[in-house]
Amino acid sequence: MAAQAEATRFGWLTPDVLSIVAGALIAAVAPLDRLDYVARGLTASALADAAPSAQVLLVTASPEALREGLCERSLPGLLERGRARGALLIPPADAFCGGGAAASRAGAAGAAPIVRMPPELLRLSAGDVVGFFPLAAGERAPELGALGVSAAPWVLKKAPQSVPAVSLRDLADGQVPASALEGRIAVVAAGAGGVAPQAVATSALPPARGVAAVLGGLLDGGRRASAPAWVPALFVLLAGGLVRSARRRYGSLVATAALFLCVFALAAGQGVLAARAEASLIALPSALFGLAVAFTGVMIVRGLVVQRSVDRAAELIQRAALFRMQGVHTLPDEEFWPRVARLAEQAHPADLVLVAELPAGSWHLRFWNDRQGGGESLVAELRRDVRRPPYSSEQGVPAIRLSRRFLAKQDMPAVVVPLIAFGEIEGYVFFCGPVAESTFSREPERAEHVGRELALLLRRKRLARTAQAGAGEARGGGSPEDDLVEGARVALDDLQLFGSMLRSAPVGLLYADAFGDVRFVAPEFAKWLRARDVTVPAESASAALPPGSLTLGDVLGATSASDAAVSLSSVMASDDGIELSVSAPEPAVLSVRPLRRESDGSSWIAGYVAALIPVQQAAPVSDNVRPLAVRDAADPLCAFQLGDVVADAVASAARATGRAVRLEPIRGATHALGHRGELGQVLEAFLTDVAGRGLPGHGPVVSVREAPQGVQLSILDVGFGLGLPESALQRVLTAPGSAPAGLEPLGRLIVAVEDSHGHAELKTNDGWGITLTVTLLRAHPRAFVSANEGGKPAAQQNVIAIGRAGPK
């Protein structure tokens, strides 16, 4: 129960949910750092502000002006007269503007600062300036701070054309008033000379234009930073959930459309957020990658699950087809007609059976055969017109007849049987060969009976096919609904056949569903219930009873009073079911078993089955009949090594009698099949009896060897030990259970051998005594049969082993 509750608790962790969670984690971790960096820069550049900047003025100086020292002489004065906030010198202009008079004036109290821009300050993305790196604590950090330049990863910059630009020479010559610098920061850069005033901005050398645009955006509040990691993760979770819901409800096409909608929403949302919030730049590539992982998991994993379900359903259908009683009209012709031929071959003896199909509206036959892969090549008759002999008589009347020129083998006769149902010819069956001819001459009615049943089978197929084709034309073609109806009809046919089987069963059968309601009951069982005063409703045409009309509890309650404690709970608690002995009206055994189904590690009762089995009473035994002894049931039939049993018996007999018992070397593995315990006991008793009666020096000689007939045990000098001739001993072979006095050990040995499916024989050895030979079935055991320590039986002082000694 705990495991089931645990499985229920985490049942929502399906593969598609796990893929969505994995996508969210990827979006939060942002593994695509380089791509995320570029995407943030492109986003900041794409959202550039086109409004004119009031914070920055781009001042360009031609190389000639820089060499003349114009920037160094005039820049401090221009900044002072224009009341500028300061100047930012962009390399290489800082080499011509940052020294001498410019530096001395810049250092004066209250003068606008003139700062050289360090190259490491710029944050570049795709070759364009997108922000400013933080500088380590140094000399220029306070100066840059005075100009408003601070660390900003990304900036929504100004558009290059929105930053005002003038020429330094125009400012120095007074062509542009110095008031243009009022309240602004002058970004001084080197530019091309001799350009039109409207092209001054574009003449500045990189990265001056980018620095002016980014600085203008920064001073206008365009600072931007990365969004928190949970923002893209949350978006991937929501988007993955939307795609999963669309996939489960509407299919793959709608799920793909939902994915594109989510991508568009992510791009649009990034633009809206970046334009309004500072910490708003999402790791867009990582978020898209996480969304792709989630989408792939939802689509592919779900598709794999569906495909696996379809494969399992197809496998189940294929396995169920082996047990399904399929309707004859649903079988294709390539399967139907060979099966008809097999049926005819079972019903009438023949060397060869052919069946012929008579297509609708035709007079020419089509032959089928199961074993030769088709019967067309076996038929010598080329006309194949059913209105002519041998298919009909000379008068054109179809009748059963014998033909000798019908097959390609002219010497093989054929019994031609027309299959006629209700006056219409459905086809023909041909029983070929001498066997068919002799059977037809002895029992002509047999062919007639088989022909009538086969004709009805063919007619059923033809009418069902015609009705199905007509219904298909009326509906305008097949559809899944038609297939469902057809499957239900076939299932109903199977149900009716199952009902017929129950009604015709020679023993009482009963089936109850999982609710304990009896649904099918055989006549013998119903008769027994009525004799027990149990009301059994009338069965339907399919032998099915309506639910609630008869319960399994009523059936169990109909048993004798001694079994009143037996209830349905006893059946539920036992996997093997219960068996109840009932006496009236006739002695019988009522067996009730639950039908269990298993799935996902649990099992449940899907129904119950019961059988009423009559018990035949044993006839009383007469007083003058003495039953033979019954072998112990604890000694099963098994594979064992006969050599070990014989060695133990020889040693025990020699020890008990004190006389010599000779044992020849055992030849072969001597694995035999039999009852080992019984054989060992009776063999020891027999050897003890023979050795005890024998003359001194004439003890029995025992040998065990592999023979073509099986494993043989031979005991020589039996006659000397028993003191009887062979003729007296043969009686024991005929009736070993009734051996004469003094020969009981031999009789018990023969009975034990026969119980082990072996046989024994006695023969005279030309004056050398009588030999008893026992042959047992050879066995091939899978497990190694254990032997005594050392692989040989323990030696006894009076046990003589004949032959060479083996290697020690």
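Is Cys 432 buried or exposed, and at what relative accessibility? Let's take that first. Cys 432 counts as buried, because its relative accessibility is 0%. Keep in mind that this is a predicted model.

Next cysteine: Cys 262. Its relative accessibility is 7%. The cut-off for buried is under 20%, so Cys 262 counts as buried too.

Now the disulfide. How many are there by the distance rule? The count comes to 1. The partners are Cys 71 and Cys 97, with their sulfur atoms 1.6 Å apart. The cut-off is within 2.5 Å, so this pair qualifies as a disulfide. Which parts of the chain does the pair link? Distant ones: Cys 71 sits in helix H5, residues 70-81. Cys 97 sits in helix H6, residues 94-97. That puts the two cysteines 26 residues apart. For those of you who care about torsions, the value about the S-S bond is 125°. The link is right-handed. Both Cys 71 and Cys 97 are buried.

On to helix H13. It covers residues 252-276, 25 residues in total. From its first C-alpha to its last, H13 reaches 36 Å. The expected value at 1.5 Å a residue is 36 Å, and the helix is close to that. Which residues of H13 are buried? Start with the alanines: Ala 255, Ala 258 and Ala 274. Then come Leu 259 and Leu 266. Gln 270 is on the list as well. So is Cys 262, the residue we met at 7%.

Last topic, the sheet. Strands of a sheet pair through backbone hydrogen bonds, either parallel or antiparallel. Here the pairing is antiparallel. There are 5 strands, and the sheet is open. What is the strand order? Read it as E12-E11-E15-E14-E13. The edges are E12, residues 366-368, and E13, residues 401-403. Each edge strand pairs on one side only. From one strand to the next, the twist averages 30°.

Let's look at one edge. Strand E11, residues 352-357, is joined to E12 by 3 bridges. In one of the bridges, Val 355 has Trp 368 of E12 as its partner.

Now the helices against that sheet. Helix H15, residues 333-347, packs on it and touches E11, E12 and E15. The direction of H15 makes about 135° with that of E11. Helix H16, residues 434-442, lies across E13, E14 and E15. Against E14, residues 414-421, H16 runs at about 60°. Strand E15 spans 424-432.

That's the tour. Over to you.

Terms used: Residues are numbered from 1 along each chain as its sequence is written. This is a predicted model: local features need pLDDT of at least 70, side-chain atom pairs count only at pLDDT 80 or more; totals for chains, interfaces and linings use all residues. Side-chain values use heavy atoms; hydrogens and water are left out. Two strands pair if DSSP finds at least two bridges between them. Helices (H or I, at least four residues) and strands (E, at least two) are DSSP runs, numbered from the N terminus. Axes are lines fitted to C-alpha atoms, for helices over the stretch in contact, and angles run from 0 to 180 degrees between N-to-C directions. Contact means heavy atoms within 4.5 Å. Buried means under 20% relative accessible area, exposed over 50%, partly exposed in between (1.4 Å probe, protein chains only). The expected span of a helix is 1.5 Å times one less than its number of residues.
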